[in-house]
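Hi,

Here's the structure I said I'd pass on to you. Have a look around it first, and then read my notes below.

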Amino acid sequence: MVVSWQPRLEVGSGPKYLAIAEALLSDIHSGRLRPGDRLPPQRLLAKALGVDLTTVTRAFNEARRQGLIEAKTGRGSFVRRRIDPDQESSAADGLPLVDLSMNMPPQPSEAILRERIQSGIATVLGSPHGSLHLHYQDSAGAGPARSAGARWLAQRLGPVPLERVMVVGGAQVALSGIVAAILQPGDVLCTPSLTYPGLKAVAEKRGIRLAPVAFDEEGLDPAAFEESCRRDGPRALYCVPTIHNPTTVTLPPQRREEIARIARHYRVSIIEDDAYGALPRKAPAPVAALAPDITWLVATLSKCVTPALRTAYVVTPGITETLRLTAEIRAMSMMAPPLMTALASQWVLDGTLDTITTAVRDESAARQKMAARILHGVDFLAHPEGHHLWLTLPDRWRRADLIAQARQSGLALVPSDAFAVGTAPDAIRVSLGAAQNRAALERGLRLLAALLVQGPGTLSSVV
């Protein structure tokens, strides 16, 4: 039976197709729409709302992307019988948990990601040599995939010889392989005093000692790095120069040059995690462009496209280092997923990768503007085209109390403890990309703003 559903659209609520999708979500949660209900035909709904058919089609596509509805050939669109299983209910109100903890890129409908993945894989497999992408491949990556990686990296790194380019199954695999290739248990690795948790896990697993390096509002402090080189005798430095995780700070060019100079003087290798380097329209040249002979650059697609591709490109200092890392990757994971790397290569060559990155960048910018508006007056750092914020807590809050209260209220956050090498400040990382849409993000940010103003006095009693 077709329900006589018509969304209630608020004036000025953003693009109409998103407003329709968000109204659909709201009506499902309120019970106005029930699992199995058949929605009105798109053409009739467009006429009733006074919009064109394309707007309603985009809204239905967005709702399907969120797992709210499903299309049945020849029958129409229906409310799904089970809402997205990835959504966790909060204890407070039964609403989906708003995830501000996972630092992933937003997935705007403009990116048409699901459809592009489906059609792209079909194209890859349907090519004359498509079956080769179902076989084992070289641990450094197949030649065409390495060539595509070099072409993508050239936009911000300049020309790179293919023998220095590798394709690896994600940044975490790359970091683990690089650490294994250049460090021994007991060696010292310099890192900012707030650093990527994945790097901390690699160091702990391999018995590497981390030496925290101080940073300020411009990022890693070169003087502190040089002092650590004299005091600790590190073998390598790990850094995220562009949109640092978690503080969002981008190192200015002069500091990049100073750090490269210091590293070369003390014979310290640099591991440059360029996870966010493709997001800004304008960013300083990577450290690898300044000191290619001592820098290992890792550039993943997880933060500018989707983590589902499990594809990262590594630029090594030279062919000897490429062979060493290839041996480590072979022992750890054999190779990057051939089908996904072939899809990434196709997207690099036909421009799709840049198109998706642009959509992600634009959506990130819109979400940052929303956060700036809702969290006005709160002390936080942000990059206008990044995925996350670094928020210093008001004096009334301790981070453990805020995390607990937020969880009870339906909000997932990450405390500074996850990033700290040494003493953790009272701060949290707020990720803006994992929320399924802007309506969910707005709900989460407003809840966070209310908690910060309210203080910890309403924590539930322990019985």
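A search of the whole structure, which is a predicted model, turns up two aromatic pairs. In case this is new to you: a pair of aromatic rings is described by the distance of the centres and the angle of the planes.

One pair is Trp152 with Tyr313, and it's tilted, with 5.8 Å centre to centre and 50° between the planes. It links distant parts of the chain: Trp152 belongs to helix 5 (residues 143-157) and Tyr313 to strand 12 (residues 312-315), 161 residues apart. Both Trp152 and Tyr313 are buried.

The other is Trp390 with Phe419, an edge-to-face pair at 5.9 Å centre to centre and 85° between the planes. Here Trp390 sits in strand 14 (residues 388-392), while Phe419 is in the loop between strand 16 (414-415) and strand 17 (427-431), 29 residues away. Trp390 and Phe419 are buried too.

Rings also turn up with charged side chains. Arg58 lies over the face of Tyr17, 4.0 Å from the ring centre, and the charged end of Lys72 is over the ring of Phe78, 4.8 Å from its centre.

Now find Arg361 in helix 13 (residues 352-374). Arg361 is buried, yet has no salt bridge. Why not? The nearest side chain of opposite charge, Glu385, is 4.4 Å away, and a salt bridge has to be within 4 Å, so this one doesn't count. What does the side chain of Arg361 reach instead? It reaches the backbone oxygen of Ala278, at 3.1 Å. Leaving aside neighbours within four places in sequence, Arg361 is in contact with Ala278, Leu279, Pro280, Arg281 and Glu385.

Cheers

Terms used: Residues numbered from 1 in each chain as written. Predicted model: local features only at pLDDT ≥ 70, side-chain atom pairs only at ≥ 80, totals over all residues. Heavy atoms only, no water. Helix = DSSP H or I, 4+ residues; strand = E, 2+ residues; numbered from the N terminus. Buried < 20%, exposed > 50% of the residue type's maximum accessible area, 1.4 Å probe, protein only. Lys, Arg positive; Asp, Glu negative; His and termini not counted. Polar contact = N/O pair within 3.5 Å; in protein donor to acceptor, adjacent residues only side chain to side chain. Contact = heavy atoms within 4.5 Å. Phe/Tyr/Trp six-rings, centres within 6.5 Å; stacked < 30°, edge-to-face > 60°. Lys NZ or Arg CZ within 6 Å of the ring centre and 35° of its normal.
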